[in-house]
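Me: Please give me a close look at one part of this model, the packing of a few helices. I want the geometry and the contacts.

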Amino acid sequence: MNKLHRYWGLFILISLIALGIIIGITITKETWTRLNQFSLNYLLIMVISVILRWFFDGLSLRSLINGNSSLKIGLWKATKMRLQCTFVAVILPVVLGSTAFQVYLLHKEKVSTGESVAITSIRAILPILIFVLLVPLFWALGFQNGTKPVFVKLIRLASTPLVISLAAFTIAVVFPNWIKKALSGITNLIRKIGWLKFKNLEKVEHWLNNEVDELHTALTAYWRKGKWSLTLATFWCVLFLLMEFSIAILILAGFGIHLQLIKAFGIQFLLKAFLYLAPTPGGSGINEFSYLGFFGMYAPKYLLGVAVLMWRFFAYYISVIAGGITMLKDHRMSQIDSISPI
């Protein structure tokens, strides 16, 4: 619990500093005038978008889980799982936190560790696959034209880890022995280093090899027999992303700034490819300043801080709160701390 509090404190500190700087350098008297003129109808539409985003996310996971004949799960349970993963991602980098906890939640449903990792890996890799396929298309269509040079550099920076992640996933499916050899090399290196002593190293190595085999079997089964569930999961994942991207568009529309929808969605696809691999807890700091650049393309300076705060609240904080409530209701922290896959 002490570590959890420290991570939460880090997330809150970074978020407050980022939002404080952005609001401090952008707010003026005109900000309050325009804020009072914000159309409340768009608040209702944003709430609907947030709720649809939750359920589309749950549907993407449910499609993968139900693709396994030995396990069926309801939409609400799948949605709660994804919300709880969002909550946990606050204390860890986004992808790491959500995927690690997703394995634990599936393991609680009596799914083997290998199958849990397989389902979780596919759900984590689907957005990367979408980015890898769509980002070059949006780039070729020139959606980044007119954006700031920093934005272009961010997307180029994101391209390398995206490709590496997709390559690692492919290796896990096609060449599992490569991974087992790498694990064997690591354990042999540990044995040679005298001051590094781990108990039950052979047991751990044997367990890891078994899980790699089971992961490979599960992933291959999805590829051979679960293509329909993969297609459905990808479809729901795209809708999930579109609902997320609609929030920024609706915020600007509420201020009377109407965007060209296709280009606005395209730019956010490019931006999300970078934010998906944000290394900070919950993407704090990086998300705020990235969307400061997005809003800066369309809105006057005095609206930027308010727009970023509203976007962060609707696109993330509401989901974190909902995930925390469901997690406190369904789990005890002592149970989570005591989980050991070995």
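Reply: What follows takes the helix pairs one by one.

The model is predicted: local features need pLDDT of at least 70, side-chain atom pairs count only at pLDDT 80 or more, and totals for chains, interfaces and linings use all residues. Residues are numbered from 1 along each chain as its sequence is written, and side-chain values use heavy atoms, without hydrogens or water.

Start with helix α10, residues 227-254. Helices here are DSSP runs of H or I, at least four residues, numbered from the N terminus. At 1.5 Å a residue, the 28 residues of α10 should span 40 Å (1.5 Å times one less than the number of residues). The end C-alpha atoms of α10 are 41 Å apart, which agrees. α10 bends by about 25° at Ile247 (the angle between axes fitted to the seven residues ending there and the seven starting there). Just after α10, Gly256 has a positive phi of about 85°.

Ile247 also takes part in packing against α13. The axes of α10 and α13 come within 10 Å and cross at roughly 140° (lines fitted to C-alpha atoms over the stretch in contact; angles run from 0 to 180 degrees between N-to-C directions). The two are therefore oblique (not under 35 degrees, roughly parallel; not over 145, roughly antiparallel; not 65 to 115, roughly perpendicular). The crossing is right-handed (the near helix is turned clockwise from the far one by less than a right angle). Ile247, Ala248 and Ile251 of α10 touch Ala307, Met310, Trp311, Phe314 and Ala315 of α13 (heavy atoms within 4.5 Å). That contact has eight nonpolar residues, no polar and no charged (nonpolar: Ala, Val, Leu, Ile, Met, Phe, Trp, Tyr, Cys, Pro; charged: Asp, Glu, Lys, Arg; polar: the others, Gly among them).

Next, α12 (residues 286-296) and α13 (residues 301-330). Their axes come within 9 Å and cross at roughly 125°. That makes α12 oblique to α13. This crossing is right-handed. On α12, Asn287, Glu288, Tyr291, Leu292, Phe295 and Gly296 make the contact. Their partners on α13 are Leu304, Ala307, Val308, Trp311, Arg312 and Tyr317. By class, this contact of α12 with α13 has eight nonpolar, two polar and two charged residues.

Last, α11 (residues 261-275) packs on α12 at about 155°, with axes 11 Å apart. That makes α11 roughly antiparallel to α12. The α11 and α12 crossing is right-handed. Ala264, Ile267, Gln268, Leu271, Phe274 and Leu275 of α11 meet Ile286, Asn287, Ser290, Tyr291 and Phe294 of α12. The classes are eight nonpolar, three polar and no charged.
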